[in-house]
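Thanks for sending this one over. Here are a few notes to read with the structure open beside you.

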Amino acid sequence: MELTVHDLVYLKAMDQIEYFGEYPDWLSEDEMAQGIAVVRRMKVEDGKVAIGFRGNNRSKRFAAVTTISNIKRVIRPFDILGNSYPKTHLQSLAHIEKVLDGFKWGIGGSVGFSMATGINVCHEKSDIDIVMYCEKLQQLDQLKPILAQLQKSEHRVDVQVEILGVGAVVLADYLQHSSFIVRTGTGPILLEKESLIYKG
């Protein structure tokens, strides 16, 4: 089973997770945390994957590791694009869908979770977390007009671009600053644009 960061996974059993610290009570109580987690960006041993659980507010987050064999279902951010949009975000998502037509993209965060699971966890003002996929870092420069269009959305839109074999970049940071952070499986890396040498 191939898993990537942002994938939403349904677990077979909660007693087959590993974690540090104390097991929080809300993990047994919140509907949205009942065996549903999101794949985290962390390199782990073969056969295992880093996951994160979320509760009904931002203070409820819990990191763990489980075996890939403990996963029974995977939903990727782009798998949910055919699902119904939350009523609170209909207009914004319709706009985003038009802007990103032709790109490979998906939805994460609370809006994506709601669309994937049918458990509504987003509220009227929830941001929309967009995940885009590119093959090369230098392709990000071409996305400046796309970001400008996305920012016309009624809701705040955060765009993270997953670059094949590299990691993820927050698109606004890349386009607006001389340095930017690449989030990799072994930790964040700060890069200066002027120091980049593209090949191919």
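What volume does the largest pocket have?

1. The largest pocket comes to about 1,100 Å³. Please keep in mind that this is a predicted model.

2. Its lining is made of 43 residues, and Arg54, Gly108, Gly109, Ser110 and Asp129 are the ones nearest the centre of the largest pocket. Two or more lining residues come from each of S3, S4, strand S5 (61-67), strand S7 (105-108), H3, strand S8 (128-134) and strand S9 (157-163). H3 contributes the most to this lining, with 5 residues.

3. Helix H3 (residues 109-117) is worth a second look, as the helix also lies across S1, strand S3 (36-39), strand S4 (48-54) and S6. H3 runs at about 50° to S1.

4. Now for the sheet: this is an open one of 6 strands, ordered S2-S5-S4-S3-S1-S6 and paired antiparallel. At its edges are strand S2 (17-18) and strand S6 (71-75), each pairing on one side only. Strand S1 (residues 8-11) and S6 run antiparallel and are joined by 4 bridges. On S6, Val74 is the residue opposite Val9.

5. Turning to the interior, the largest nonpolar core holds 40 residues, and Ile96, Leu100, Ile130, Leu140, Val159 and Val161 have the most contacts inside it. Another core, of 15 residues, lies apart from that one and includes Leu3, Trp26, Ile51 and Ala64.

6. Val161 is a handy place to start exploring. Leaving aside residues up to four places away in sequence, Val161 touches Met132, Cys134, Leu140, Leu143, Gly167, Ala168, Val169 and Leu171.

Key. Residues are numbered from 1 along each chain as its sequence is written. This is a predicted model: local features need pLDDT of at least 70, side-chain atom pairs count only at pLDDT 80 or more; totals for chains, interfaces and linings use all residues. Side-chain values use heavy atoms; hydrogens and water are left out. A nonpolar core is a set of buried Ala, Val, Leu, Ile, Met, Phe, Trp, Tyr and Cys residues joined through side-chain atoms within 4.5 Å. Buried means under 20% relative accessible area, exposed over 50%, partly exposed in between (1.4 Å probe, protein chains only). Contact means heavy atoms within 4.5 Å. Two strands pair if DSSP finds at least two bridges between them. Axes are lines fitted to C-alpha atoms, for helices over the stretch in contact, and angles run from 0 to 180 degrees between N-to-C directions. On a 1 Å grid over the protein atoms alone, a cavity is a set of points where a 1.4 Å probe fits but cannot get out, and a pocket is an open set with protein on both sides within 12 Å along at least five of seven lines; lining residues have an atom within 4 Å of a point. Grid points are joined across faces, edges and corners, and a volume is the space filled by probe spheres set on the points.
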